[in-house]
Amino acid sequence: RLMSFIASKLIEIFLLPSNLIAVLGLIGLATAPFGRRKLSRTCLIGSALLLAICGWAPLGPAALMALENRFPKPVINGPVTGIVVLGGAVDTHVSVDRQTLAMNEAGERLTEAVDLSRRYPDARIFLSGGVNHIISHNQTTESQVARDILVMLGVPAQRIEMEERSRTTCENAIESKAA
């Protein structure tokens, strides 16, 4: 399980376009001193062009919007007994280092959970997320930080249950089912 976790984190690093652009630029810089001018120039120009296109053009937001619009917001017609919130919505490093509660770009998971908790006051809230960093001395889990945020936003602590062993989305499902 540890190896699949490490592999998933490494794959995640290399699938981010910004990281690929940086690697391309580093290859360009690294090959220049060895007389590989054509390769170096090609990598550096490619890196600069990709940075300009991906960083300044509205390409990323447009692609994300197209993906999100494929899936309409569900209509809930019936009783809700539980609200499951997957990890990935908080920054445990910032939360611990600065002694604050920090959400990241997926923070709407928590704000939506607050909204749902108000609309469905009898529903249990289940948080899934453990320590998801390969190298970290910090043992604060995503679920702990998410719980503190939900409580701060008015969700009663007794409605919240947690699993704190998962480190990936796949493990979120496995560990949540086990809990």
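E171 turns out to be buried, with a relative accessible area of 5%; here buried means under 20% relative accessible area, exposed means over 50%, and partly exposed is anything in between (1.4 Å probe, protein chains only). The structure is a predicted model, in which local features need pLDDT of at least 70 and side-chain atom pairs count only at pLDDT 80 or more, while totals for chains, interfaces and linings use all residues. Residues are numbered from 1 along each chain as its sequence is written, and side-chain values use heavy atoms, with hydrogens and water left out.

Back to E171, which forms a salt bridge with R167, the closest N and O atoms being 3.2 Å apart. The cut-off for such a pair is a side-chain nitrogen of Lys or Arg within 4 Å of a carboxyl oxygen of Asp or Glu. R167 is partly exposed, at a relative accessible area of 21%, whereas its partner E171 is buried. In general, side chains of opposite charge can pair when their charged atoms come close. The count for the model comes to 6 salt bridges.

Two further salt bridges sit inside helices, these being DSSP runs of H or I with at least four residues (strands are runs of E with at least two), numbered from the N terminus. In helix α1, K9 and E12 meet through their side chains at 3.7 Å, N to O. These two residues are 3 apart in the helix, so about one helical turn separates K9 from E12. K9 is buried, with a relative accessible area of 15%, but E12 is partly exposed at 44%. Helix α6 (residues 108-119) holds the other pair, R119 and D115, which lie 4 residues apart, again about one turn of the helix. Their side chains meet in a salt bridge of 3.3 Å, N to O. R119 is partly exposed at 45% relative accessible area, and D115 is also partly exposed, at 32%.

On the outside, a nonpolar surface patch of about 640 Å² is made by L10, I13, F14, L20, V23, I27, L39 and I134. To join a patch, a residue needs over 30% relative accessible area and no salt bridge; nonpolar side chains (Val, Leu, Ile, Met, Phe, Trp, Tyr) are joined within 5 Å, and like charges within 9 Å. The areas come from the Shrake-Rupley method with a 1.4 Å probe, and for residues only the protein chains shown count as cover. Helices α1 (2-15) and α2 (17-31) are the elements that give two or more residues to this patch. One of the patch members, L20, is in helix α2 and is partly exposed, with a relative accessible area of 44%.

Inside the model, the count comes to 1 cavity of 30 Å³ or more. A cavity here is a set of points, on a 1 Å grid over the protein atoms alone, where a 1.4 Å probe fits but cannot get out, and lining residues have an atom within 4 Å of a point. Grid points are joined across faces, edges and corners, and the volume is the space filled by probe spheres set on the points. The largest cavity has about 60 Å³ of space. It is lined by 13 residues, and those closest to its centre are L86, G87, S128, E142 and A146. Strands β1 (82-86) and β2 (124-128) and helix α7 (142-152) each supply at least two residues of the lining, with the largest share, 3 residues, coming from α7. By class, the lining has 7 nonpolar, 5 polar and 1 charged residues. Ala, Val, Leu, Ile, Met, Phe, Trp, Tyr, Cys and Pro count as nonpolar, Asp, Glu, Lys and Arg as charged, and the others, Gly among them, as polar.

A few exposed residues round off the picture. Q99 sits in the loop between α5 (92-97) and α6 and has a positive phi of about 50°, although it is not a glycine. Most residues other than glycine have a negative phi. Q99 is exposed, with a relative accessible area of 75%. Helix α3 (residues 37-56) contains W56, which is exposed at 73%. W56 and F5 are 51 residues apart in sequence and 33 Å apart in space, C-alpha to C-alpha. L49 is also found in helix α3 and is exposed at 52%; the C-alpha atoms of L49 and I21, 28 residues apart along the chain, are separated by 9.3 Å. L2, in helix α1, counts as exposed at 51% relative accessibility. Between L2 and the cavity-lining G87 there are 18 Å in space, C-alpha to C-alpha, and the two are 85 residues apart in sequence.

Note on methods. On a 1 Å grid over the protein atoms alone, a cavity is a set of points where a 1.4 Å probe fits but cannot get out, and a pocket is an open set with protein on both sides within 12 Å along at least five of seven lines; lining residues have an atom within 4 Å of a point.
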